[in-house]
Each structure stands twice: as structure tokens, then as C-alpha cells.
Amino acid sequence: MPGYWFKTCFLCRATCSLKFPVQGIVTSCFSKSQHLIPLSAALGKPAYHSEHSSPRLVLGIETSCDDTGAAVVDETGKILGEALHSQKEVHLKTGGIIPVIAQQLHREHIDRVVNEALRASRITAHELSAIATTVKPGLSLSLGVGLDYSLKLVELYEKPFIPIHHMEAHALTVRLMEPVDFPFLVLLISGGHCLLAIARGVSDFLLLGESLDESPGETFDKVARSLSLINHPECSSMSGGQALEHIAQQGDRRNFSLTLPMSQNIDCNFSFSGLRSHANGIIIKKGREEGLKKGQILSCVADIAAAVQHTVAFHIVKRTHRAILFCQQEGFLPQNDASLVVSGGVASNQYIRRCLKNVTNATGLALRCPPPRLCTDNGIMIAWNGIERLRAGLEVLHSPKGIRYEPKAPLGTDISDQVRKAAIKVPRLKLNI
Ligand code: KG4
Ligand code: ZN
């Protein structure tokens, strides 16, 4: 067909004859509102609940941090439409997320984003089965905008409300893409979080370990700032993590040696703040040696980026390896076809994915990651979590009055003591990256 590219859609895996933007991350047909074939058919999933004559639809709304996202997904896993407004460029300029600015931007964009998602879906709000919104964890001021807006919609259209845990949504996104049965091991690495958990059901998680200080995304963002990557011509519009990954490709990590965090702690917790201070010390020292002014870029920037990325990746690999061995020892995962699911913004990092692939190859698990586009925050994952909860009949509120957002909210039951007591030594693993 002249003027059209044929390309395999990463969502429905059909060859679609829709026009795609050549550049950019949209490589599925969902932006054009339709999969050519329903995802359920592509994946052999049951179509939908037989009581309902047509698949139920959920509108998902995400405002927990700095992305205003909305999407409509049906219970066969078909993404009918989505819209996303990212505040990344504003926060890059201010050197980090300032909550009142994030709140203001969510307020300015939420109505447009939700309406765009509905318009792209070619449905009206009346046709929705429920509205699902992130209510925890996240920045209070940001969560508040999404919750207030959603409660008004819920009242106006008389729809049930499904409150969503942001990390649960990251963990379940993979099930929109491919059939992954419970239980599975999940590693969530993002700008706000870092945790390892066993997903036993839609809202049934066992927490194996989490970061004791900051998240890997925060570390990447702060190191990228210290390296002034925003002034690098190839990185000016990238998030810290993206910029660091990009620049690291040109570097040699062996030129700088950073201490691996927590090598003496035989558990699955994480720590990144010491590693960041160590990297910052090196950046300041090198800057002095090269006589740099504020905002200028070091000659060895790529080597430092590569060393930071490698050490973060290796730390994540070690803790994940221990989590897998623990699950296998305690019988928490199926003996055959066990999966490690990795998601959250930092899971877009291809170097980290390659390192984790070494671990899953060595332990016999399948590594499953949503496409990078769905690893970072978006409305689709919230709508899909809404569908999962709707199907399971979990917390579908017909009268949500009094519901509040929760800035801090653990995911699941903490069994990190049990992990520590198991004291599993992780064998040496030579990474083939
Ligand atoms: O999941 P997300 O969109 O928001 C939170 O819930 O935190 O994650 C954002 C984080 C940022 O810290 C960003 O720097 C990081 O994900 N990130 C990356 C990459 N892309 C985004 N980190 C490493 N490599 C990437 N390619
Ligand atoms: Zn997130």
C-alpha cells in the first residue's frame, strides 16, 4: 500500500498497515486507536466475561509523579486510546521535581489528557465500566490532582471507582502484553522505587526487599545532573537515566572503579546513596583537575557514566539473583516456566536488561519486560490494573466518598526477615554483556 509502512505492532503482534511515525517511541497501532486484531485473540486469552455482551472498559488516570497519563483499555487487553503529558523537560530545567510545579502542571493538563484518551478511544464516558486512578504511593500534591479529578468524573457519570497502587500497576503491566501466570518474581526499578517481590495474585504480593535509601532512577538522575548531561548536545531532552545510558555506550567502565553496595549484607535490600556519593566525589575531583566551570562537561564523562551504570546494574543483579535462589529454595515459584518480570522506568535500560538476562539464563527463569514505552509511567498500566481488579472483583468502589491518597504505601507483606534468615550466598556470575 503506497505511503504506508508495514510493521509488526508490539502489542497485538499483527502486521498493521497503519502509518507510524518514523521516529519516536510509538511502535504500536494503539495510538491510531485500534489493534487490527484484539490482543486476546493474538494471545489466545479468553475474550471477556460471558455475563457482559461487550468487553468492559476502564479509564485509567495516572498523576502520581510528573506524568499526566490517561488511557482506555478493555477487558480483552485492547488499548482503545491513550494520552500522556510528560513534565520531564520542565523538571530537567529546574534540576529535579518541585512538587508544587508538578501539581500545577497536572492541573493544567489533566482535563485535556483524559479527553484526548477518550476521543482516541471513540467512546464516551457513559460507556465506561469503571474509572481507575493511582491513589498511592507518590507525591501528595500530584496524587491529589488525579484523585480530585477522578472523583468528580465518578460522580458526574455515576461510575464505580477503582483505587490503584502505582507499583502494583507496574508489576501487572506485563500481563497486558503476554500471558504471565501468578506466581512470578517481580523487580520494580523506577525513579521513586526499587523492590523485589513475589506476585501471587492481582493484589497479593510478598515483599522480599527494597531500597533502604534512594531508588536507582534517583541515582541516575542525580549523577546525570552532576555530569551536566543536560548541556550535552545528544542528551538535552532526555531523562537522567536515558542520558546516562546513552553516554555510557561511548565509555569504558573499567577506567573507574566504584564500590559495590551492600556486598556484606546477605539479603535482598538495595542501597544506592553511597554509590552516588562516591561517583560525585570522582566528578568533583576530575572537574577540578580539568579546571571546569559549572555546567561544563568532563572529558571522561562517558567512562564515569559507564562505571555508574555498571555498578548499579551489578548491584541489582546480585540482589535479584539471591531473590531467585530464595524463591527456588522455598518453593515460591513454579518449577517450570517461572518468570522474572522487570518493570518501572529504569527497566527501559538495555544494559540492565542484558545483565539480568545473564541471571535468568543461569537460573532457568524467563525474563519478561514490558516494552520501554510501558515501563515508564503511563495511563495504560493504570487502566489495565483497573481491568485486573474489575475481573477479580477487588476494591471496585460504588461509593468512594472519603477515599484518600497515600504518599507512602508498602507493596504487599514484608518477608525480608525470612530472606535475611535464609542467608543465601550468591555464586559468582560472569556477566556476558
Ligand atoms: O517509572 P517512572 O517513569 O517514574 C516513577 O514511578 O518513578 O521512572 C522514571 C525514572 C527516572 O528516574 C528516569 O531517569 C529513569 O526512570 N529512566 C531510566 C531510563 N529511562 C528512564 N533509567 C535508566 N535507563 C533508562 N533508559
Ligand atoms: Zn512509576
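Here is a chat about a predicted model, its ligand, one of its pockets and two backbone details.

User: What makes G241 a polar contact of ligand 1?

Analyst: The cut-off is a pair of N or O atoms within 3.5 Å. An oxygen atom of ligand 1 sits 2.9 Å from a polar backbone atom of G241, so the pair counts as a polar contact.

User: How do you know that H166 and H170 belong with the polar contacts too?

Analyst: Same test. For H166, a side-chain N or O atom is 3.3 Å from an oxygen atom of ligand 1. For H170, the value is 3.4 Å, again from a side-chain N or O atom to a ligand oxygen. The limit is 3.5 Å, so both pairs pass.

User: How much of ligand 1 does the protein bury?

Analyst: On its own, ligand 1 exposes 560 Å², and the protein buries 91% of that.

User: Why is ligand 1 said to lie between two domains?

Analyst: Look at who supplies the shell. Domain 2 (57-173 + 376-392) and domain 3 (182-369 + 413-422) both give residues to it, so ligand 1 lies between them. The shell holds 21 residues, with G191, D221, G241, E245 and G345 the closest. Helices α5 (166-172), α7 (216-226) and α8 (240-248) each provide at least two of the shell residues, and α8 has the largest share, with 4.

User: What makes the shell around ligand 1 mostly polar by class?

Analyst: The split is 3 nonpolar, 15 polar and 3 charged residues. Keep in mind that Gly counts as polar here.

User: Which residues lie nearest the centre of the second largest pocket?

Analyst: They are R253, H310, Y351, L431 and I433, out of a lining of 24 residues. The space in this pocket is about 580 Å³. Helix α10 (301-330) gives the largest share of the lining, 7 residues. By class, the lining has 10 nonpolar, 6 polar and 8 charged residues.

User: What makes the peptide bond from F182 to P183 worth a look?

Analyst: Most peptide bonds are trans. The bond from F182 to P183 is cis, with omega near -5°. P183 is in the loop between α6 (174-177) and β8 (184-189).

User: And what is notable about the phi of M262?

Analyst: Most residues other than glycine have a negative phi. M262 isn't a glycine, yet its phi is positive, at about 55°. You'll find M262 in the loop between α8 and α9 (273-289).

Definitions and conventions
Residues numbered from 1 in each chain as written. Chains lettered and ligands numbered in written order. Predicted model: local features only at pLDDT ≥ 70, side-chain atom pairs only at ≥ 80, totals over all residues. Heavy atoms only, no water. Near = heavy atom within 4 Å. Polar contact = N/O pair within 3.5 Å; in protein donor to acceptor, adjacent residues only side chain to side chain. Areas by Shrake-Rupley, 256 points an atom, 1.4 Å probe, with all protein chains shown as cover. Domains from an automatic or database assignment. 1 Å grid on protein atoms, 1.4 Å probe; cavity = no way out; pocket = protein on both sides within 12 Å on 5 of 7 lines; lining within 4 Å. Points joined across faces, edges and corners; volume = space filled by probe spheres on them.
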